[in-house]
Amino acid sequence: MWKNKFHKRINELWERAKNQNHKMTQTEYARRLGVTRNALLGWLRGSGQPDVDGLVRIASTENVSLSWLMGDARPKAECELLQDEQALVNLFRGISPENKEHLLWLARRCKETEEQDINRIT
């Protein structure tokens, strides 16, 4: 029962990843999840599922709840990221630590500039 639901959810996540990055391969997606391509292929086909640590890692990486990943049909949490926010997170995860620091600096500067602009207006 759980395996069938996990199978459905991992396929949904794979489709979502492909929609966000049309060039993403199964190997790249497996790497993002921290597993081998063969493990991912098995899950996509409905053969087996990860252990608890693997499920938690997938849920965290893909920003979904563990209960949703296991097949819970209830609405997703309110704190779930919007599509453009998730795209930014996915891009951020794929860059080097040095570039992450630079990107964070740049984002903070943008926010400061916006706040200064708002303060000038009010």
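Tutor: Helices here are DSSP runs of H or I with at least four residues, numbered from the N terminus. The model is a predicted one.

Student: Thanks! In which helix is asparagine 38 found?

Tutor: Look for the helix whose range takes in position 38. Residues 37-45 form one helix, and asparagine 38 belongs to that run. The helix asked for is H3.

Student: Is asparagine 38 buried or exposed?

Tutor: We compare its relative accessible area with the cut-off, since exposed means over 50%. Asparagine 38 has a relative accessible area of 62%, so this residue counts as exposed.

Student: How many Å separate the C-alpha atoms of asparagine 38 and threonine 27?

Tutor: Along the chain, asparagine 38 and threonine 27 are 11 residues apart. In space, their C-alpha atoms are separated by 8.8 Å.

Student: Let's go inside. Which helix supplies the largest share of the largest nonpolar core?

Tutor: That core has 20 residues, and among those with the most contacts inside it are Leu13, Tyr29 and Leu40. Helices H1 (2-20), H2 (26-33), H3, H4 (52-61) and H5 (66-69) each supply at least two of its residues. The largest share is five residues, and the helix that gives them is H1.

Student: Leaving aside neighbours within four places in sequence, which residues is leucine 13 in contact with?

Tutor: Leucine 13 is one of the residues with the most contacts inside the core. With those sequence neighbours set aside, its contacts are Tyr29, Ile58, Glu62, Val64, Trp68 and Leu69.

Student: What kind of aromatic pair do phenylalanine 6 and tryptophan 43 form?

Tutor: A search of the whole structure finds two aromatic pairs. In the pair of phenylalanine 6 and tryptophan 43, the centres are 5.7 Å apart and the planes make an angle of 80°. Planes over 60 degrees apart count as edge-to-face, so the name for this pair is edge-to-face.

Student: Which helices hold phenylalanine 6 and tryptophan 43?

Tutor: Phenylalanine 6 is buried at 0% relative accessible area, and tryptophan 43 is buried at 8%. Their pair ties together parts 37 residues apart in sequence, because the two residues lie in helix H1 and helix H3, respectively.

Student: And what is the angle between the planes of tryptophan 14 and tyrosine 29?

Tutor: Tryptophan 14 lies in helix H1 and tyrosine 29 in helix H2, so this pair ties together parts 15 residues apart in sequence. Tryptophan 14 is buried at 7% relative accessible area, and tyrosine 29 is buried at 0%. Their ring centres are 5.3 Å apart, and the pair is tilted, with an angle between the planes of 45°.

Technical notes. Residues are numbered from 1 along each chain as its sequence is written. This is a predicted model: local features need pLDDT of at least 70, side-chain atom pairs count only at pLDDT 80 or more; totals for chains, interfaces and linings use all residues. Side-chain values use heavy atoms; hydrogens and water are left out. Buried means under 20% relative accessible area, exposed over 50%, partly exposed in between (1.4 Å probe, protein chains only). A nonpolar core is a set of buried Ala, Val, Leu, Ile, Met, Phe, Trp, Tyr and Cys residues joined through side-chain atoms within 4.5 Å. Contact means heavy atoms within 4.5 Å. Rings of Phe, Tyr and Trp (its six-membered ring) pair if their centres lie within 6.5 Å; planes under 30 degrees apart count as stacked, over 60 as edge-to-face and the rest as tilted.
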